[in-house]
Amino acid sequence: MTPSEPRWLTESEQDAWYAWRRMFPLVNAEIARDLSQDSALSEADYDVLSVLGSTEGHRMRISALAVLMQWSRSRLSHQLTRMEQRGIVRREEVACDGRGAEVVLTEAGVATITTAAPLHVESVRRHLIDVLTPAQLRTLAEIGETLRARLGITRKA
């Protein structure tokens, strides 16, 4: 085989690729629909709220949040503006250096994620976790970690 020849997928590789391509958007769409119906939140809203909800003081530097979420600063800024307009987050200057900014959950934001999280986890269970066997879940987690590490994506900021 010369370097210019494509490395075509075998039948089993093609099966895995097609399964991935079909599975992810379908499962994600079901969970996103439930999230919207149950909590009136978008996936992006929930992602920001859940990260902030798990941090000390419910706050994080905006730059660190963008890196953690793998979003551009522009995308995050637009998302935060929409969330600020609904009163669930606010931006604050970082007191210790005056250069950076943090995003902080408001009381309404804490209440929103506290209410949404149990409904969201039930949806995740219904559409993914409870459908798979424990062995399948372990395999899925291993696959995810392998791909995450290969892409150099960190789990925490």
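Which residue follows H6, and is its phi positive or negative? In this predicted model, H6 is followed by Gly 152, and the phi of that glycine is positive, near 75°.

Helix H6 itself covers residues 134-151. Its length is easy to check: with 18 residues at 1.5 Å a residue, H6 should span 26 Å, and its end C-alpha atoms do turn out to be 26 Å apart, so the two values agree.

H6 also shows up in the walls of the largest pocket, whose volume comes to about 1,600 Å³. Of the 35 residues lining this pocket, Trp 20, Phe 24, Asn 28, Leu 128 and Gly 144 sit closest to its centre. Helices are well represented around the pocket: H1 (11-39), H2 (43-53), H3 (62-69) and H6 each bring at least two residues to the lining. Sorted by class, the lining comes out as 23 nonpolar residues, seven polar ones and five charged ones.

Now for a single residue, Arg 125, which is found in helix H5 (residues 107-127). Is Arg 125 buried, exposed or something in between? Its relative accessible area is 37%; buried would need a value under 20% and exposed one over 50%, so Arg 125 counts as partly exposed. Leaving aside residues up to four places away in sequence, Arg 125 touches Asp 130 and Val 131. Looking the other way along the chain, Ala 101 is 24 residues from Arg 125, and the C-alpha atoms of this pair are separated by 35 Å.

How values were computed
Residues are numbered from 1 along each chain as its sequence is written. This is a predicted model: local features need pLDDT of at least 70, side-chain atom pairs count only at pLDDT 80 or more; totals for chains, interfaces and linings use all residues. Side-chain values use heavy atoms; hydrogens and water are left out. Helices (H or I, at least four residues) and strands (E, at least two) are DSSP runs, numbered from the N terminus. The expected span of a helix is 1.5 Å times one less than its number of residues. On a 1 Å grid over the protein atoms alone, a cavity is a set of points where a 1.4 Å probe fits but cannot get out, and a pocket is an open set with protein on both sides within 12 Å along at least five of seven lines; lining residues have an atom within 4 Å of a point. Grid points are joined across faces, edges and corners, and a volume is the space filled by probe spheres set on the points. Ala, Val, Leu, Ile, Met, Phe, Trp, Tyr, Cys and Pro count as nonpolar, Asp, Glu, Lys and Arg as charged, and the others, Gly among them, as polar. Buried means under 20% relative accessible area, exposed over 50%, partly exposed in between (1.4 Å probe, protein chains only). Contact means heavy atoms within 4.5 Å.
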